[in-house]
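This report goes through selected side-chain pairs, one helix packing and two individual residues, in that order.

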Amino acid sequence: MQFHHHGYVSTDPRVQPVAGVGVDRPDELPDTVDVLIVGTGPAGVVAAAQLSMFPNVTTRIIERRGGRLPIGQADGIQARSVETFQAFGFAERIIAEAYRITEMAFWKPDVNNRENIVRTARAVDDPAGISEFPHLIVNQARVLDYFTEYMANSPTRMKPDYGYEFVGLEDTKAGEYPVTVTLRHTTGELAGQEKIVHAKYVVGADGARSAVRDSIGCSLRGDQAMHAWGVMDVLAVTDFPDIRTKCAIQSEEHGNILLIPREGGQLFRMYVDLGEVADDDNGDVRKTTIEQIIAQANAIMHPYTLDVKNVPWHSVYEVGHRLTDRFDDVLPEELGTRTPRVFITGDACHTHSAKAGQGMNVSMQDGLNIGWKLGYVLDGRSPESLLSTYSAERQVIAKNLIDFDKQWSTLMATRPEDLDDPTELEDFYTRTAEFPSGFMTQYTPSMLIGEASHQELATGFPIGKRFKSSPVVRVCDTNPVQLGHHHRSDGRWRVYAFADAAAPGTNSDLAAWAEWLSTAPESPLRVHTPEGGDIDAVFDVKVVYQQPHTEFDMDQVPATFLPKTGPFGLTDYEKVYSTLEGDDIFEQRGISRSGAVVVVRPDQYVATVLPLTASAELADFFAQNLLPAA
């Protein structure tokens, strides 16, 4: 972590220097904003945290509650989300307090006495090593706390505006702030009074009953499986031996349980099968008491018992799979004629069961996707057409999620004897691990994603998928590090130059590429870096050499990879890497020994792979999604 480049820092380096709209930021919600985010759920806080890194963009995030969320419904944190936490700088801290899932146990009726359950299988949580990060369980409220802290420490000093309820909006299509938003105070002396805010853009992150979604004429469509579940977080005394292991429990006659141990050592969550719901139920199943849920859990777990001592939270829900046909306010007949002004994220545009642990995880990726794009457009870095890629990219991902969740939730609700194969549930869990972990997302070619014409140069970095980290050696201090962990959510593109086999300091394709990038008039660094800004303000350019760090010195590295930044023009030495003995990134990620350039978007997805000799292609790629700097 670098933090002395503007002068000596002796205080918390996570608190960044205040800048832009963060200087004298008004406590009261202003009448005009660049971005108004409605809702402080996972999608909303991630979008706000990303936008907090754009000092020239006025972003405010409102919440109808009077303060922070005390306890959240979601708790499953997939490895892709932990990668995102790393990008925001708090992965290590949240891992330390979370419960880590390493294995899942499967319990089924005992063949000798089907009234009893027995453990029949165990499955390793990540047998393929999909990520270097673990699968975690931690309360959603704590996740929101970390992102809120990040916002508060950012240059814009952003914080939620609590006590405002969204009432409605109108896109006047006039003036600099065309979206007129009506809000209502929910707390304090002004409770019940309305306030008007004028915005350039609005992001609806206000949940499954989204009023923002309704205001743009969208609706959730899909089916509701007539099956109910009671979910409870409990502190209990039990003789069940796997109470601290994630379990899928299937009984003979009483239904199923998904058991999720929680952080803190004693707390655990149970999704308890309440059975089929009659067509004329009219929501009566939601009146199921906590005592009834506990009794059902005991029936499923026989011969084991559950003596519940405390219930911090519980709920009853019916599985629903619903999706909107668009994630913004552009109607189908308007496609290509205008760019969106209003966006919806998270549960506002996709709902599904909780048992696949996807709701919070996918919602955070929604927020990350729209956050950096709004920042780029409002900061004058990209054309407005960039905003149309949000709905195009995320709607498909949500559809794939719902298709997956239908299979998983159906299997969870199926009696063991009704399965085609007795091991079908555990086989499905292991076989599809990459999807719920968040790594099957792959964006298709667009202004942000290149064609796979040169994919063979780096087969381990599939274009459109997230950049999978790998160990390397940081040459300046010889420390082994994860290359991807230096990709922070600071709004910059990453350009990774993987060197050809020529020795550092000699004429090579890498040397020629570095010279072009630094000096050519058409170089992206020259075209898109703001005048007066640091040379790495938009592009963080790094090099990875094939040779061990012991075989060359830093003075043999092109100046392109040793930029001078900050008010003192200090050299940044942390952009030069080499292979790690016994764990060669070129071998691990299928990188050609002739070298390659891997371009990664601000949200960590691989945008394109090119040869070191394809300078014109690199310039053309950025020309289609970035504007020339003012």
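## Salt bridges and packing in a predicted model

Lys-200 and Asp-34 are both buried. The model in which they are seen is a predicted one, and in it their side chains meet in a salt bridge, with a distance of 3.3 Å from N to O. Because Lys-200 belongs to strand E11 (residues 194-204) and Asp-34 to strand E1 (residues 32-38), this pair ties together parts that are 166 residues apart in sequence.

By the rule applied here, the count of salt bridges comes to 49. Three of the pairs are set out below, each with its N to O distance and its separation along the chain.

| Pair | N to O distance | Elements | Separation in sequence |
|---|---|---|---|
| Lys-200 and Asp-34 | 3.3 Å | strand E11 and strand E1 | 166 residues |
| Arg-184 and Glu-165 | 3.6 Å | strand E10 and strand E9 | 19 residues |
| Asp-366 and Arg-394 | 2.7 Å | helix H7 and helix H8 | 28 residues |

The side chains of Arg-184 and Glu-165 meet in a salt bridge, and this pair links distant parts of the chain, with Arg-184 in strand E10 (residues 179-185) and Glu-165 in strand E9 (residues 164-171). Arg-184 has a relative accessibility of 28% and therefore counts as partly exposed, and Glu-165, at 25% relative accessibility, counts as partly exposed.

In the salt bridge between Asp-366 and Arg-394, the closest N and O atoms are 2.7 Å apart, and the pair links helix H7 with helix H8 (residues 388-412). Asp-366 has 0% relative accessibility and so counts as buried, while Arg-394 is buried with a relative accessible area of 1%. Elsewhere, salt bridges that share partners join Asp-490, Arg-492, Arg-494, Asp-536, Asp-540, Lys-542, Asp-572 and Lys-575 into one network.

Helix H7, which holds Asp-366, also takes part in a helix packing. Helix H1 (residues 42-51) packs with helix H7 (residues 359-378) at an angle of about 30°, the two axes being 7 Å apart. Since angles under 35 degrees count as roughly parallel, H1 is roughly parallel to H7. The crossing of these two helices is right-handed. On the H1 side, the contact is made by Pro-42, Ala-43, Val-46, Ala-47, Gln-50 and Leu-51, and the residues contributed by H7 include Met-360, Ser-363, Met-364, Gly-367, Leu-368 and Trp-372. Sorted by class, this contact has eleven nonpolar and five polar residues, and no charged residues.

Met-364, one of the H7 residues in that contact, is also touched by Ser-81, which touches Asn-361 as well, when residues up to four places away in sequence are not counted. Ser-81 is found in helix H2 (residues 79-87), and with a relative accessibility of 2% it counts as buried.

Is Phe-133, a loop residue, buried or exposed? Phe-133 is buried, since its relative accessible area is 10%, and the loop in which it lies runs between strand E6 (113-124) and strand E7 (135-137). Leaving out residues up to four places away in sequence, Phe-133 touches Ala-79, Val-82, Glu-83, Gln-86, Ala-91, Ile-95 and His-485. For one of these, Val-82, the C-alpha atom is separated by 6.5 Å from that of Phe-133, although the two residues are 51 residues apart along the chain.

Technical notes
Residues are numbered from 1 along each chain as its sequence is written. This is a predicted model: local features need pLDDT of at least 70, side-chain atom pairs count only at pLDDT 80 or more; totals for chains, interfaces and linings use all residues. Side-chain values use heavy atoms; hydrogens and water are left out. Axes are lines fitted to C-alpha atoms, for helices over the stretch in contact, and angles run from 0 to 180 degrees between N-to-C directions. Helices (H or I, at least four residues) and strands (E, at least two) are DSSP runs, numbered from the N terminus. Angles under 35 degrees count as roughly parallel, over 145 as roughly antiparallel, 65 to 115 as roughly perpendicular and the rest as oblique. A crossing is left-handed if the near helix is turned anticlockwise from the far one by less than a right angle, and right-handed if clockwise. Contact means heavy atoms within 4.5 Å. Ala, Val, Leu, Ile, Met, Phe, Trp, Tyr, Cys and Pro count as nonpolar, Asp, Glu, Lys and Arg as charged, and the others, Gly among them, as polar. Buried means under 20% relative accessible area, exposed over 50%, partly exposed in between (1.4 Å probe, protein chains only). A salt bridge is a side-chain nitrogen of Lys or Arg within 4 Å of a carboxyl oxygen of Asp or Glu.
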